[in-house]
Each structure stands twice: as structure tokens, then as C-alpha cells.
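Q: Could you take a close look at the part of this model around the ligand, and then walk me outward from there?

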Amino acid sequence: MTDAPDAAAPSAYTGVETYSYLGPAGTFTEAALRLAPQAQGKPWKPVNNVNEALADVTSGRSVAAMIAIENSIEGGVTASQDALATTPGLRIIGEYTVPISFSLAVRPGVALEDVKTIAAHPVAYGQCRAWLTTHLPGHTHLPATSNIASAGSLFDEGLRVDAAITPPNIRERIQVDVLAEGIEDNKTARTRFALVSMTTTLPPRTGADKTSLIVELPEDRPGSLVQMLEQFATRGVNMSVITSRPIPERIGRYRFVIDLEGHLHDARVADALRGLRRYSPHVIFLGSYPEADGTPVQVEGNDTDEHYAEAEAWLASLERDPDGLG
Ligand SMILES: O=C(O)C(=O)C[C@]1(C(=O)O)C=C[C@@H](O)C=C1
């Protein structure tokens with residue numbers, strides 16, 4: 001008799017540490033994966049969208065996936081935020097930022113005045129709006145699954161695409177003409193990527209860490225947003241991101257996607273999470289991980305680990321020392 005399969009075990013686990021990313025090769029997401037030390041020398045699997053990347057992780061086909069989560073011009077990547085909110089068990093284990101620049105590519109011989117339709121990933125399109133309005137007024141946008149898939153679609157006769165928004169080095173991969181380089185509206189644009197896995201082991205605290213959460217507010221309680229913010233403010237925890245995303249099943253209800261400065265192993269962050277857990281009907285802990293730019297978190301006033309430890313010791317001493325003086 002063979003043992004029944006363990007329902008919790010990943011169904012397709014191959015024993016190979018594969019990393020999934022938005023492909024094909026040449027995307028900015030692949031560039032981000034090149035920055036993750038643990039992914040080097042391992043097999044990489046290109047996929048078509050964030051949901052496929054995360055499904056690889058939850059099924060065990062891949063050990064982790066690199067996904068875009070925020071762009072400095074377009075803001076939060078909503079597909080990623082929503083997938084993280086609705087897929088249980090995911091943890092961010094690293095973040096990486098990549099400078100973003102775009103080119104306008106066409107089939108060899110096509111001129112700018114012939115361009116009527118442009119294939120582009122929606123987040124890329126949003127970063128080139130001003131240039132496109134000036135140089136290609138009246139064009140039609142056809143959404144592409146990635147910045148490399150857009151270039152590939154130039155050669156799909158069924159799609160009738162005239163031009164594609166691509167990364168700068170596209171001619172290294174696909175035989176296209178580049179009509180314009182640097183067409184992004186902001187030269188300092190960067191995209192932030194997260195490496196996501198199912199591990200519950202936290203990356204160690206470095207002193208330059210971030211913690212990501214998704215929080216729902218209690219229903220019908222006046223001032224509940226302020227109460228949520230107070231959990232952080234009263235513990236000296238700085239928030240670097242707070243955005244809201246609709247909860248689709250309930251019109252008018254939102255969840256908050258939050259990044260904090262600090263690690264779960266910082267006493268003030270742990271205490272803020274305790275406060276959140278008591279007050280919020282649903283808190284998703286998405287992980288604590290080293291910040292991409294390595295800027296040390298400044299902790300001021302009475303919110304250092306030492307202050308928390310001293311207060312704990314005082315509390316523990318009260319039954320020995322009823323006056324609480326010692
Ligand atoms: O990785 C890529 O090249 C992508 O096409 C995806 C993506 C994104 O999902 O935001 C990544 C970075 C750019 O800002 C635009 C698009």
C-alpha cells in the first residue's frame with residue numbers, strides 16, 4: 001500500500017530551484033532577477049503574467065518569482081498588489097530596483113509617420129504618455145503582456161501592430177529598427193521588484209529593512225483609518241508606502257497596501273503589528289526583507305529596542321517590586 005499524497009505538499013515539486021519571472025528574456029523583470037544572489041546559477045522560467053508567476057510558487061513548480069510591484073511614475077502595480085492580497089502564504093524575501101528607459105521599435109523600414117497602432121505593456125505605456133501625445137497623436141494602444149512581448153507582436157500579422165514600446169537594448173534580441181530612444185517622460189524612472197516565495201523563514205534583520213502588510217479596516221467604525229495610522233505613529237514606525245485597493249466583493253470597501261521601515265524583529269514594528277492585529281479584521285503579513293537601497297532606518301526617541309526591553313523588564317519586575325521603582 002502506498003501512502004496517500006500529502007495534501008499540503010506542492011503538487012509539481014521537482015526538487016529544482018526554479019525562479020519564475022515575467023518574460024520573455026530581456027524584460028526589466030529579468031534584469032531584476034539578475035540582482036537576486038540566490039537566483040544566480042539556477043533555472044529561470046519566463047511566464048506571461050504575475051498570476052502565472054505566483055501560481056508557479058504556490059504549486060511548488062518554482063521556489064520563488066520576481067514580480068514588479070511599484071513604478072516611480074505609475075505607482076503601485078495593481079495586478080501584483082491584488083495577487084499578493086488574494087494568494088495565501090506568499091512572502092516577499094527581497095526587493096530590487098531597476099532604472100527604466102524605453103525605445104520605440106518598428107519592423108525594419110517602417111517610418112514614424114506610418115505608425116498608427118502601438119503595442120505596449122500598460123505600465124510602460126503610462127510612462128511614455130507625454131512623448132506619445134507629442135509625436136504620435138491619434139495612435140491606438142494595444143496592450144502587450146511585457147516589454148519584450150510588445151516587440152514580438154510587431155511580427156504577428158494578425159495583430160497589425162506598427163510600433164512597440166521596448167527596453168533600450170531590444171536590437172540585441174529582435175531585428176527591429178529603433179525610431180526613438182529615451183521616450184520615457186521622466187528620466188529618473190525606476191521600478192521596484194519583489195522576490196516572492198512561500199518560505200516562512202524571514203531574511204535576517206540588517207538595520208535597513210522593510211516590512212510589507214495588507215490591512216483591512218474594521219467596518220462602520222468612525223476614525224478607523226486614523227486608528228490604523230496611530231498604530232505606526234505612536235511607535236515611531238515610518239510608512240514608506242500606503243495605497244488602497246478595492247475589495248471586489250464589496251463595493252466601497254478597500255484594503256490598504258503598506259510598506260513600513262523596519263523588520264518584524266524590531267520591537268517597535270512587532271508592537272505595531274500587535275496593535276494592528278487587535279484592531280483590524282484582516283492583516284496579511286507579506287514579510288520583512290532588506291531594503292533595495294540599503295538606507296539604514298533611523299529610530300528616534302523612545303522607540304529603540306533598548307527602550308522596549310527596559311519597559312518589558314519593568315513590567316516583569318512589578319510582582320517582585322510592587323512600587324515599580326526598580
Ligand atoms: O519587466 C518588464 O519589462 C515588463 O514588461 C513589466 C513591467 C511592469 O510590470 O511594471 C516592468 C517594468 C516597467 O516599468 C514596465 C513594465
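A: Here is the ligand site, followed by the rest of the chain around it.

Keep in mind that this is a predicted model. The predictor gives the complex an ipTM of 0.97 and a pTM of 0.90. Across the chain the pLDDT averages 92, and 94% of the residues score at least 70.

Now to the ligand itself. The shell around the ligand has 14 residues, and those that come nearest are Thr27, Thr29, Ala68, Val123 and Asn147. By character, the shell splits into 7 nonpolar and 7 polar residues, with no charged ones. Three elements each supply at least two shell residues: helix H1 (28-33), strand E3 (64-71) and helix H4 (122-126). The shell also draws on two domains, taking at least three residues from domain 1 (12-100 + 190-199) and at least three from domain 2 (103-181).

Just before H1 there's a backbone detail to look at. The peptide bond from Gly23 to Pro24 is cis, with omega near -5°. Pro24 sits in the loop that runs between strand E1 (19-22) and H1, and H1 is one of the elements that supply the shell.

Domain 2 has a backbone oddity too. Arg160 isn't a glycine, yet its phi is positive, near 55°. You'll find Arg160 in the loop between helix H6 (149-152) and strand E9 (163-166). Arg160 counts as exposed because just 12 other C-beta atoms lie within 10 Å, and 12 or fewer is the cut-off.

Step back and the chain divides into three pieces: the two domains already mentioned, plus domain 3 (202-326). The C-alpha centres of domain 2 and domain 3 lie 43 Å apart. For residues 213-291, an unreviewed UniProt entry lists "domain: ACT". In the model, that span is 29% helix and 37% strand, and its end C-alpha atoms lie 15 Å apart.

Inside that stretch, Asp220 is another non-glycine residue with a positive phi, near 50°. Asp220 lies in the loop between strand E12 (209-216) and helix H7 (224-233). With 6 C-beta neighbours inside 10 Å, Asp220 is exposed.

At the other end of H7, Thr234 lies in the loop leading to strand E13 (239-246). Is Thr234 buried or exposed? Partly exposed, in fact: 13 other C-beta atoms lie within 10 Å of Thr234, so the residue falls between the exposed limit of 12 and the buried limit of 20. Thr234 also pairs up across the sequence: Asp303 is 69 residues away along the chain, but their C-alpha atoms are 9.0 Å apart in space.

Finally, the overall picture. The chain has 9 helices and 15 strands, and its C-alpha trace spans about 85 × 65 × 40 Å along the principal axes. Of the 326 residues, 36% are buried. Among contacts between residues at least 6 apart in sequence, 76% join residues at least 24 apart.

One caution concerns the start of the chain. Over residues 1-11 the pLDDT stays under 50, and the model has 4 contacts there beyond four places in sequence. Where pLDDT is low, the predicted coordinates should not be read in detail.

Conventions. Residues are numbered from 1 along each chain as its sequence is written. This is a predicted model: local features need pLDDT of at least 70, side-chain atom pairs count only at pLDDT 80 or more; totals for chains, interfaces and linings use all residues. A residue is near a molecule or strand if its C-beta atom, placed from the backbone, lies within 6 Å of it. Helices (H or I, at least four residues) and strands (E, at least two) are DSSP runs, numbered from the N terminus. Ala, Val, Leu, Ile, Met, Phe, Trp, Tyr, Cys and Pro count as nonpolar, Asp, Glu, Lys and Arg as charged, and the others, Gly among them, as polar. Domain bounds come from an automatic or database domain assignment. UniProt positions are given in the numbering used here, feature names are shortened, and annotations may be inferred rather than shown by experiment. pLDDT is the predictor's confidence in each residue, from 0 to 100. Two residues are in contact if their C-beta atoms, placed from the backbone, lie within 7 Å.
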